[in-house]
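Thank you for coming, everyone. I would like to walk slowly through one structure today, taking the inside before the contacts between chains.

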Amino acid sequence: MDALLDFATRLLAQLQSPTLAFLLGGILIAALGSRLEIPESIYKFIVFMLLMRVGLDGGMSIREANLADMLLPALFAVLIGAGIVLIGRFTLALLPSVRTEDGIATAGLFGAVSGSTLAAAIVVLESEGIDYEHWAPALYPFMDIPALVVAIVLANLYLKRRDGSSEKVRIWPIVKESLQGSALSAMLLGIALGLFTRPEQIFEGFYDPLFRGLLSVLMLVMGMEAYARLNELRRVAHWFAIYAAIAPLLNGLIAFALGYVAHVLTGFSPGGVVLLAILASSSSDISGPPTLRAGIPSANPSAYVGASTSVGTPVAIAIGIPLFLGLSQVVFGT
Amino acid sequence: MDALLDFATRLLAQLQSPTLAFLLGGILIAALGSRLEIPESIYKFIVFMLLMRVGLDGGMSIREANLADMLLPALFAVLIGAGIVLIGRFTLALLPSVRTEDGIATAGLFGAVSGSTLAAAIVVLESEGIDYEHWAPALYPFMDIPALVVAIVLANLYLKRRDGSSEKVRIWPIVKESLQGSALSAMLLGIALGLFTRPEQIFEGFYDPLFRGLLSVLMLVMGMEAYARLNELRRVAHWFAIYAAIAPLLNGLIAFALGYVAHVLTGFSPGGVVLLAILASSSSDISGPPTLRAGIPSANPSAYVGASTSVGTPVAIAIGIPLFLGLSQVVFGT
Amino acid sequence: MDALLDFATRLLAQLQSPTLAFLLGGILIAALGSRLEIPESIYKFIVFMLLMRVGLDGGMSIREANLADMLLPALFAVLIGAGIVLIGRFTLALLPSVRTEDGIATAGLFGAVSGSTLAAAIVVLESEGIDYEHWAPALYPFMDIPALVVAIVLANLYLKRRDGSSEKVRIWPIVKESLQGSALSAMLLGIALGLFTRPEQIFEGFYDPLFRGLLSVLMLVMGMEAYARLNELRRVAHWFAIYAAIAPLLNGLIAFALGYVAHVLTGFSPGGVVLLAILASSSSDISGPPTLRAGIPSANPSAYVGASTSVGTPVAIAIGIPLFLGLSQVVFGT
């Protein structure tokens, strides 16, 4: 009961944090018909700035990290990414009025990771003064790529069985397409630069100080985008909206449980467990859709993009982040 | 005589302030045919950043403000906005070789408010260390919306009488269109976020430190734009240029007088009086034109946009700001 | 031998500096097929920000500079700009399988100056704590314009002799075209604002703190661009690639020698000598190409733009900067 009250208080406090407030503000002004617009080029640049900052930070901390500590969380990230898609395959994709390939593609997008949601979670952790392994964001590709690969393979197996074709699905092009995506390649480049060069000065003088402010602008854009995409979601079966509301929390809870195992076995920090849960809770908004479009051309983007952008991402940020933070307080007693 | 000398000195000093210098620099390099270009998307983002900063600041200060103090200035703002248009209706719009609807639309634009000019005035006040009520920028919509509403209503009454049509002018769509404009909705969102959430950290770490620098870039763009629009102004009657040179100063003086009344009656600060005068002096550059285009489709945008952008705004910034500051020193003895 | 070892160590250290690391990172991710993209409008704005910063700094320091000190370096800059083109005219442009006008245009671009390379050199000098005359960047137009003028005149003389036409080449339009280019006019405006107004506050609060960070983004873009243009270079004679690899170093060495003369005669600082060498080493990427396209319409842009962007600029930054810094340590013993 106390824990519930504490959680409610925390949620209310989070609603006042800039990260959430700008997201909700974006939804609000879009709903009120505002003509405010953050240009596409600014949006792209902000995403680059955030992921470069996350990557540089990760790379610099990997220098001093014990690589063995990363093994178990990385393995769990792979299992979570693949597992989320398998769960979606045998729930959402089997529902009546849901085309199987649309269900699989949606599960793939929810298994994949959103760099923006990750950045939001990092800002909240840092605002609350909660420590985490700074290499934890580097778990991103370990969850993202298996999810997209499994989704595309499952969809193609299904379509082949149905159509009796016998083309082989090739894994490497999917992996390559994912790694070449703009969000992931900005973060991986940042990791490489943080690992092999000396970017401390520009990290501390440029990328880090602009991090929170740029995130507030990004949250505003994501809120406006979430509202704008609602129309697309209305055109597909209701199941997608229901899945998009539940999956981020369920997926996050599974990841939280596995993160807890890593905490017990190898001392993975509570902050790291929260980040792993948020990675699982998030659904891809930038890099995932084009990969899925190429890999499952017959799936309907309105279903998976609509579900992810207009419901999945707001749920992951506005409910997921305070939920997993609150859970971590209860579980780890911090 | 001393006051005049003091004013001349102040004007010269203002010409060296970055705000003015970048505006004049923009006019200069455009006149010299420079191919320098600040992309449209950067311009839009800068306007967003400035108005969000002004809004956040306003919202945070309204939290601690005595709302009763805002009543009289807000009432005066409404009167000024409507009054400027009425004055224009019975001077500019009656002149020979001025089409009545063009004259009314121009007066509407000069009654409406420019977020960029407001931002410039705030930077100058803060550079000079002059206090003002931080909620004063929130007077913006109280002046902006009545001006546009009155202009569109007057123009439509005139056109109906002339053409004998009997369509009714509806007020609410004009108000809604104004509130949904990109500049005003950015500022109102900022006010709401400042009022209801806790944005102190990103205000102090992001929006506020970038304020002056971004304003310098915006001034450069506005200078280049002012020069580029001169051609449009040349194509319409000279009266528009003459009105655009005089109205900002006259409107500002009227507002200064009313602000002085508020100072005597309710203690409105000298800095607040200057801001009220600048709001009246400014003419809308972003949000006003599309509202007028929708509301008075037969008016010629070359007349009102040309007058506002190429003469009105430079006059308000380069002459209005030092004039009202100097006047405030003489009147309030600060 | 020690000097060589010292130079190798310095080169390795430079490879870890953010400036170089982001350039190489850009080449790397472009080669790996990343879809990361820094929008064109962001790129243009960054170039503006960097050159405005360099210009403001220059203008503020010219206020206190002894103008007589600038005479000899400015004269040398003119000689170097014209000299580089003359050397190219009688080497590259005479080679078999090189069209004469393509060779002259390429030499013109290598005589002209790159604002981005200049900004990179300034960041490296400031990181290493090496003093330089802050007016030295103002040598830019003294080298840039003579190079473009000489190239266009030589090419037109050649083409006329070949075709027997008798049109006169006019110098002033070329000079004007250069001065109106976006990079040069941003820097000249910055110099004027620094010289005649008081921009200290926004220089220290905005343009200067963002300088290094924005440069890192620009280096990334230039790296990606260098890779993307390699294809164009492959379509023209190999001589262009060979010239582009050698000319930046050779031109820089000539400028270093002349800078040394200025050091002995008028006390030009070691840092200033390095900057003069880098100005000579750099090749124009923004302003030069359109001027050459207008002045020598029959020359093939794939040859000169490809050579400059994909080989010349990376060589000037990645080899030139550490080379001339190392040389300065050996020569001046600092």
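Before we look inside, let me fix one set of terms: Ala, Val, Leu, Ile, Met, Phe, Trp, Tyr, Cys and Pro count as nonpolar, while Asp, Glu, Lys and Arg count as charged, and the others, with Gly among them, count as polar. Please also keep in mind that what you see is a predicted model.

With those terms, let us turn to the cavity. The count of cavities of 30 Å³ or more comes to 1, and the space in the largest cavity is about 340 Å³. It is lined by 21 residues, of which A:Phe45, A:Leu214, B:Phe45, B:Leu214 and C:Phe45 are the closest to its centre. Helix 3 (40–64) of chain A, of chain B and of chain C are the elements that each give two or more residues to this lining. What is the make-up of the lining, in terms of nonpolar, polar and charged residues? The lining divides into 21 nonpolar residues, with no polar and no charged ones.

Next, a single residue in chain A. A:Met219 sits in helix 11 (residues 211–234) of that chain, and it is buried, because its relative accessible area is 0% and the cut-off for buried is under 20%. Leaving aside residues up to four places away in sequence, A:Met219 touches A:Thr19, A:Phe22, A:Leu23, A:Ser116, A:Ala120 and A:Ile317.

Now to the contacts between chains. Between chain C and chain A, 26 residues of chain C are in contact with 25 residues of chain A, and the buried area is about 2100 Å², with carbon and sulfur atoms giving 67% of it. Of the area that chain C buries against chain A, C:Gln16, C:Phe22 and C:Arg35 supply 28%, more than any other three residues. There are 2 salt bridges between these two chains, and in a salt bridge the side chains of C:Glu37 and A:Lys44 meet at 3.3 Å, N to O.

Over all chains the structure holds 36 salt bridges, and I will pick out two. B:Glu177 pairs with A:Arg35, with the closest N and O atoms 3.6 Å apart, and this pair crosses from helix 8 (residues 171–179) of chain B to the loop between helix 2 (18–31) and helix 3 of chain A. Within chain A, A:Asp208 forms a salt bridge with A:Arg53 at 2.7 Å between the closest N and O atoms. A:Asp208 lies in the loop between helix 10 (200–207) and helix 11, and A:Arg53 in helix 3, so the pair ties together parts that are 155 residues apart in sequence.

Notes: Residues numbered from 1 in each chain as written. Chains lettered and ligands numbered in written order. Predicted model: local features only at pLDDT ≥ 70, side-chain atom pairs only at ≥ 80, totals over all residues. Heavy atoms only, no water. 1 Å grid on protein atoms, 1.4 Å probe; cavity = no way out; pocket = protein on both sides within 12 Å on 5 of 7 lines; lining within 4 Å. Points joined across faces, edges and corners; volume = space filled by probe spheres on them. Helix = DSSP H or I, 4+ residues; strand = E, 2+ residues; numbered from the N terminus. Buried < 20%, exposed > 50% of the residue type's maximum accessible area, 1.4 Å probe, protein only. Contact = heavy atoms within 4.5 Å. Buried area = accessible area lost by both parts, 1.4 Å probe. Salt bridge = Lys/Arg side-chain N within 4 Å of Asp/Glu carboxyl O.
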